[in-house]
Amino acid sequence: GIDEAFKKAKAIFMTTYKGDEERYRQMTNYNDDLDGIIWFPTEKDTRKVADIKKNNNVLITFPAGKRGEYFEVKGEASLGSDQEVLEKWEWWWLYWHPAQKDRFWFPREKDERRVIINIEPKEARLVKR
């Protein structure tokens, strides 16, 4: 059930680490599966990006199929290349605003504020409360 639960989870938690401190935040999930790289658009000037630059271990948490259960996926994060940012940023925006496709022109030039967080899943487990 982990693949189905991940696909259904439109909001997940991503935990980063600053020393011994866990810092988590809600992320919008539009990834379809856990096979391969999971990615999220964000901006460079954020705590999560600063945390990842110092410690690339992350934890993704999302609900399982039953009440009181959730999945944890440990992974390693990296930041996407400039080319990847150019390719994925527009797609991400239009995913949430598809009606804008015909009348919205997204600037394709490099924007120093934008970044893509890539997470390579390493280990998963089901947690029951």
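**Close-up views of a predicted model**

At 11% relative accessibility, Phe71 counts as buried, because the cut-off for that class is a relative accessible area under 20%. The structure shown in these views is a predicted model.

**View A. The aromatic cluster that includes Phe71.** Phe71 belongs to one aromatic cluster together with Phe6 and Phe62. Phe62 is likewise in the buried class, since its relative accessible area is 2%. A search of the whole structure for aromatic pairs finds 4 of them. In the pair made by Phe62 and Phe71, the ring centres lie 5.6 Å apart and the planes stand at 35 degrees, so this pair is described as tilted.

**View B. The aromatic pair of Tyr30 and Trp39.** A pair of aromatic rings is described by the distance of the centres and the angle of the planes. For Tyr30 and Trp39, the distance is 5.1 Å centre to centre and the angle between the planes is 75 degrees, which makes the pair edge-to-face. Both Tyr30 and Trp39 are buried. Trp39 also takes part in strand pairing, where its bridge partner in E6 is Asn118.

**View C. The open sheet and its edges.** The sheet is open and is formed by 6 strands in the order E2-E1-E4-E5-E6-E3, with antiparallel pairing. E2 and E3 are the edge strands, each of which pairs on one side only. From one strand to the next, the twist averages 35 degrees. The edge strand E3 is joined to E6 by 6 bridges, and these two strands run antiparallel.

**View D. The two faces of helix H2.** Helix H2 comprises residues 47–54, and within this helix Lys48, Val49, Asp51 and Ile52 are buried. These four residues lie on the same side of H2 because they cover an arc of only 160 degrees around the axis. An α-helix has 3.6 residues a turn, so residues three or four places apart point the same way. On the face of H2 that is turned away from its buried side, the exposed residues are Arg47, Lys53 and Lys54.

**View E. What covers the buried side of H2.** The elements that cover the buried residues of H2 include strand E1 (11–18), strand E2 (21–28) and strand E3 (38–43). Strand E4 (57–63), strand E5 (69–79) and strand E6 (114–128) are also among the elements that cover these residues. The strands named here are those that form the open sheet, in the order E2-E1-E4-E5-E6-E3.

Methods:
Residues numbered from 1 in each chain as written. Predicted model: local features only at pLDDT ≥ 70, side-chain atom pairs only at ≥ 80, totals over all residues. Heavy atoms only, no water. Buried < 20%, exposed > 50% of the residue type's maximum accessible area, 1.4 Å probe, protein only. Arc of directions from axis to C-beta. Contact = heavy atoms within 4.5 Å. Phe/Tyr/Trp six-rings, centres within 6.5 Å; stacked < 30°, edge-to-face > 60°. Pairing = 2+ DSSP bridges. Axes fitted to C-alpha atoms, helices over the stretch in contact; angles between N-to-C directions.
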